[in-house]
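Work through the following exercises with the sequence and the structure open beside you. Try each task on your own before you read its solution.

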Amino acid sequence: PSAPLDVVIFKGGFGDEYAIYVNENMYGVLYPDAQITYAGIQRLGEQLQPRFVAGNPPDVIDNSGAGNLDNAALVAEGQLADLADLMAAPSYDTEGATFAETLVPGSQESGIFDGTQYLLNWALSAYGVWYSSTYMEENGYEYPQTWDEMMALCEEISASGVAPWVTTGVHPQYIRQFVFDQMVWKNDPQAMLNIENLEPEAWRAPAVTASLEALSQLAEGGYLLAGWEGLDHIQSQNEWLQGRAVFLPCGTWLENEMSDSIPEDFNMVLAPTPSLANDQLPFPSIFAGGGEPFIVPSQGANVQGGKEWIRLLFSKEGGRVFSELTRSLSTVVGSGEGLDLGTAFASTQEAIAAAGENTYVTRYQDWYTEFGDEVKNQLAELLQMRISIEDFQNNVQDAADFLRDDDSIPKYTRG
């Protein structure tokens, strides 16, 4: 109880006030003799990798954001603690339940490697296309459920002098995961599974081609805000909030990340990607699942303290505070019930409910960081019309083949 505790949080779209709350009002109250060292930082890989190499990593880490630590590499190197005892521990504030039983079913699957839970996802996020319901209603527009309808609406919006879409070119993983990956999965779930499992020729599947052809229409039609390729995520989101573009791909941390810049009565809403012809999954299907992964380094000075800190955070109290501070959902069952936190929060809950069992989140970019970077960079090249669809598929398939044949890199599969 008196052992010092070292906590490091990614201070990004969700901020870090919820973590400070756990330090001061939960862990600090239960264990008043424990001195807590705390840091809220960004680009965790650059700052924390030297500590792992030196054998003195923090006790608990929110390993998220650009430039984060490579979770798969940490697992392969034996650097992460097995969380089985935490999963079996009593819940902090749900009587009669274990810790694991209080978590949203399916939300922790991405933290399992070869049958062992090494990561725990804190945020229950949905990823898709955002728009202002106020703007849409004022202009008599409805969110399109098919891509053909989206292109027709883009033409109408463009004629009014507003850009239909904006995204970040500095971080093209946004349009890769939140639009392209979601398109492929909805069109043919097996095609996305083949991509994740590094199956031969997976990137030349008809679903991939159809999704690339659809996305290319944004570039060919001039439907992306001029200069998008030079914008980072904050800049692109500000352009959107200032009314210079209508649609923006992002995740559910968006509102909290931009809380100081949101105009009055903007009323942001999340929607799935519009359907392609012959999609195998219905329109409401959406990327949704656990995100914001927490890890406990196996070489930390206070491994059990790190697990206990997570047990407190992943509670109804911790989840409620997180939602109140960030207007986002946590993976703790029931922690967001009864909260009226605006259109973004409500639309996220509605989107997840409407999707039902048809939710998914790709993992290849987490399993194979360099490969995920290659896919996003090639997609940025395609959307800037520097390469063709065929070039994209050839380049990415070559990278996937190289990865599959590299025996030095651990491989993962999903069924």
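**Exercise 1. Describe the second largest pocket of this predicted model by the classes of its lining residues, its volume and the elements that form it.**

Solution. Begin with the classes: the lining of the second largest pocket has 12 nonpolar residues, 1 polar residue and 5 charged residues. Next consider the space inside, which comes to about 330 Å³. The lining is made up of 18 residues, and those closest to the centre of the pocket are Tyr368, Glu370, Phe371, Leu403 and Ile409. Finally, assign the lining to elements: α3 (71–76), α16 (369–383) and α17 (389–405) are the ones that each give two or more residues, and the largest share, 4 residues, comes from α16.

**Exercise 2. Determine which residues of helix α6 are buried, and explain on which side of the helix they lie.**

Solution. First locate the helix: α6 covers residues 147–159, which makes 13 residues, and from its first C-alpha to its last it reaches 18 Å, close to the 18 Å expected at 1.5 Å a residue. The second step is to list its buried residues, namely Trp147, Met150, Met151, Leu153, Cys154 and Ile157. Because these residues cover an arc of only 165° around the axis, they fall on the same side of α6. The third step is to look at the face turned away from that buried side, where the exposed residues Asp148 and Ala159 are carried. Then ask what the buried residues pack against: their partners are α5 (133–138), β7 (163–165), α7 (173–187), α9 (206–220) and β8 (245–251). To finish, follow the chain just past α6, where Gly161 takes a positive phi of about 95°.

**Exercise 3. Decide whether Phe10 and Asp70 are buried, partly exposed or exposed, and find what each one touches.**

Solution. Start with Phe10, which lies in strand β1 (residues 5–10). Its relative accessibility is 12%, and since buried means under 20%, Phe10 counts as buried. Leaving out residues up to four places away in sequence, Phe10 touches Gly15, Ile41, Gln42, Leu44, Asp62, Ser64, Gly65 and Glu292. One of these partners, Gln42, is 32 residues apart from Phe10 along the chain, yet their C-alpha atoms are separated by 5.5 Å.

Now turn to Asp70, which is found in the loop between β3 (60–62) and α3. With a relative accessibility of 29%, Asp70 counts as partly exposed. Under the same rule for sequence neighbours, Asp70 touches Asp366 and Thr369. The C-alpha atoms of Asp70 and Asn377, which are 307 residues apart along the chain, are separated by 18 Å.

**Exercise 4. Examine the phi values of Glu292 and Met385, and say where each residue is placed and how accessible it is.**

Solution. Keep a general rule in mind: most residues other than glycine have a negative phi. Glu292, a residue other than glycine, has a positive phi near 60°. Its place is in strand β10 (residues 286–295), and at 10% relative accessibility Glu292 counts as buried. Met385 is not a glycine either, and its phi is positive at about 60°. The place of Met385 is in the loop between α16 and α17, and because its relative accessibility is 53%, Met385 counts as exposed.

Terms used:
Residues are numbered from 1 along each chain as its sequence is written. This is a predicted model: local features need pLDDT of at least 70, side-chain atom pairs count only at pLDDT 80 or more; totals for chains, interfaces and linings use all residues. Side-chain values use heavy atoms; hydrogens and water are left out. The expected span of a helix is 1.5 Å times one less than its number of residues. Buried means under 20% relative accessible area, exposed over 50%, partly exposed in between (1.4 Å probe, protein chains only). The arc is that of the directions from the helix axis to the C-beta atoms. Contact means heavy atoms within 4.5 Å. On a 1 Å grid over the protein atoms alone, a cavity is a set of points where a 1.4 Å probe fits but cannot get out, and a pocket is an open set with protein on both sides within 12 Å along at least five of seven lines; lining residues have an atom within 4 Å of a point. Grid points are joined across faces, edges and corners, and a volume is the space filled by probe spheres set on the points. Ala, Val, Leu, Ile, Met, Phe, Trp, Tyr, Cys and Pro count as nonpolar, Asp, Glu, Lys and Arg as charged, and the others, Gly among them, as polar.
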